[in-house]
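Visitor: I would like to know what stands behind the labels used for this structure. Could you walk me through some of them?

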Amino acid sequence: MKSAILSEVFAEICETQTHFDTLLSRVHPLQRAKVAVYLGAFLRRPLTLADHFKIKIAENPEEFWSLNFIKLKKSAAIHELLKKIWESGGDFPNQGSEIDFPTALVNEWRADWGDEITKKMCMFLSQDPLTTIRLHRVARENEEKLKTTFSAMEELPKFRLGKYSILARVFKGFAKLQKTDLFEQGWFEVQDEGSQVMSIYALESDLMKSVLSPLPSVGPKADMVFFDKAALQNIAPRTVIDACSGAGGKALAMADLMRGQGRVFAYDVYEKKILSLRKRSERSPDRNVQGVLIKPSIAGRAEQLKEFHASADRVLIDSPCGGHGVLRRNPDSKWNRKPHSQSVDHLSMDELQQKVVMDYAPLTKVGGEMIYGVCTFAKKETLDQVEWIKQNLPHFELKSYGFIGPYDTDGFFMASFVRIK
Ligand SMILES: C[S@@+](CC[C@H](N)C(=O)[O-])C[C@H]1O[C@@H](n2cnc3c(N)ncnc32)[C@H](O)[C@@H]1O
């Protein structure tokens, strides 16, 4: 195996600006795990690693972050660093700090949350992510078989129970799980624990509100473990709209939590996402999820949604966002930040979120709940949006809200509102 493979994949990231995960899927399976770990580490904590290997890749960190992708690709120092990472055999620090993030981003966090929380965020978000799966109830009822299958697999890291979600099993590091028969039979899906929490919260916010914190990055409290099996088994089957479902991670979780009963309508404006949701749901034992392609134009969407007004018991709006909470998984995105969303409606991110809330909130029945969620923690996209909803949707009453992660989960914010009239 040549160390050049790291440089090649890195060059492709720079050249095509293709997502890290997509690029990895093209790397030869024999090399994929190593490339994922080493290149991921470089993207997550470049300056900490440069410091560790005594390679000078920038005069000062600010100058480094101002380099564009083309300059990075051409930098001899970067290639030297990638070579050292490869040759080190994985012996390098697994945690970074503020120097590993663009200065503008760190300043945004500091302005929102102060110095202490910003330091913690940088520490957590520069680590390698865990691999977390959500067990389908078929697997939860046959856990011995699952354990036997996993323990027979070579090179699979040990797994532990989730700390917040009873559905979660957590592997430390990179785990190749998608080639197993059990995965094909829908026994589990790869889903971060924070995302599982949001799926449970969307159906029964009271079950999960105690694991949420008023601030991001506070880390877990000792008593945060939620294992109320009976309550989970009694979640009522409902009509649920997952308004921004993407490839359906949460939609599928909610379908399982309702034991295959009720209905989950999974909306998205991108056909590609609806197609991957349909492919994913073919593996699932549940048949109560339906993908719906939503018209991207404002007028088209309004017309399409009109007939579903006041039809759903739960409307989850897992809105497009800045994605800071998932920077560990998408480490390339901090190198490629855009000031405004590239949404179909050409709005800034917070305006887009408000538009999406305005579009989908009316689908909630009176007495039902609307859940606003994001995988970020910018104040403008979290606490400020709660205030905005309170002021602009007076027929909705705030029930609970809070943050989870980024610590041993990705970072999420969620808020639940009851429709009172
Ligand atoms: C944060 S992602 C959702 C992730 C998803 N819920 C999951 O669990 O994997 C936001 C999604 O909203 C979609 N989206 C953006 N604008 C939308 C709109 N106006 N209506 C519906 N979906 C939209 C995007 O295509 C994207 O898939």
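Visitor: What makes the shell around the ligand nonpolar, polar or charged by class?

Guide: In this predicted model, the shell has ten nonpolar, four polar and four charged residues. Asp and Lys count as charged and Gly as polar, whereas Cys counts as nonpolar. Among the closest residues, Asp-318 and Lys-250 are therefore charged, Gly-246 and Gly-249 polar, and Cys-244 nonpolar.

Visitor: How do you know which residues surround the ligand?

Guide: The cut-off is a C-beta atom, placed from the backbone, within 6 Å of the molecule. With that rule, 18 residues surround the ligand. Helix H15 (249-257) and strand S6 (263-268) each give two or more residues to this shell.

Visitor: Why is strand S9 called largely enclosed?

Guide: A residue is buried if 20 or more other C-beta atoms lie within 10 Å of its own. Eight of the eleven residues of S9 (residues 364-374) are buried, so the rest of the structure largely encloses this strand.

Visitor: How do you know that S9 pairs with strand S8 and with strand S11?

Guide: Two strands pair if DSSP finds at least two bridges between them. S9 and S8 (residues 312-318) have six bridges in the parallel sense, with Arg-314 opposite Glu-369. S9 and S11 (residues 412-419) also have six, in the antiparallel sense, and there Met-370 has Phe-417 as its bridge partner. Both pairs therefore meet the rule of at least two bridges.

Visitor: What makes strands S2 and S4 edge strands?

Guide: In the open, antiparallel sheet ordered S2-S3-S1-S4, S2 (159-161) and S4 (188-190) each pair on one side only.

How values were computed
Residues are numbered from 1 along each chain as its sequence is written. This is a predicted model: local features need pLDDT of at least 70, side-chain atom pairs count only at pLDDT 80 or more; totals for chains, interfaces and linings use all residues. Helices (H or I, at least four residues) and strands (E, at least two) are DSSP runs, numbered from the N terminus. A residue is buried if 20 or more other C-beta atoms lie within 10 Å of its own, exposed if 12 or fewer, and partly exposed in between; C-beta atoms are placed from the backbone.
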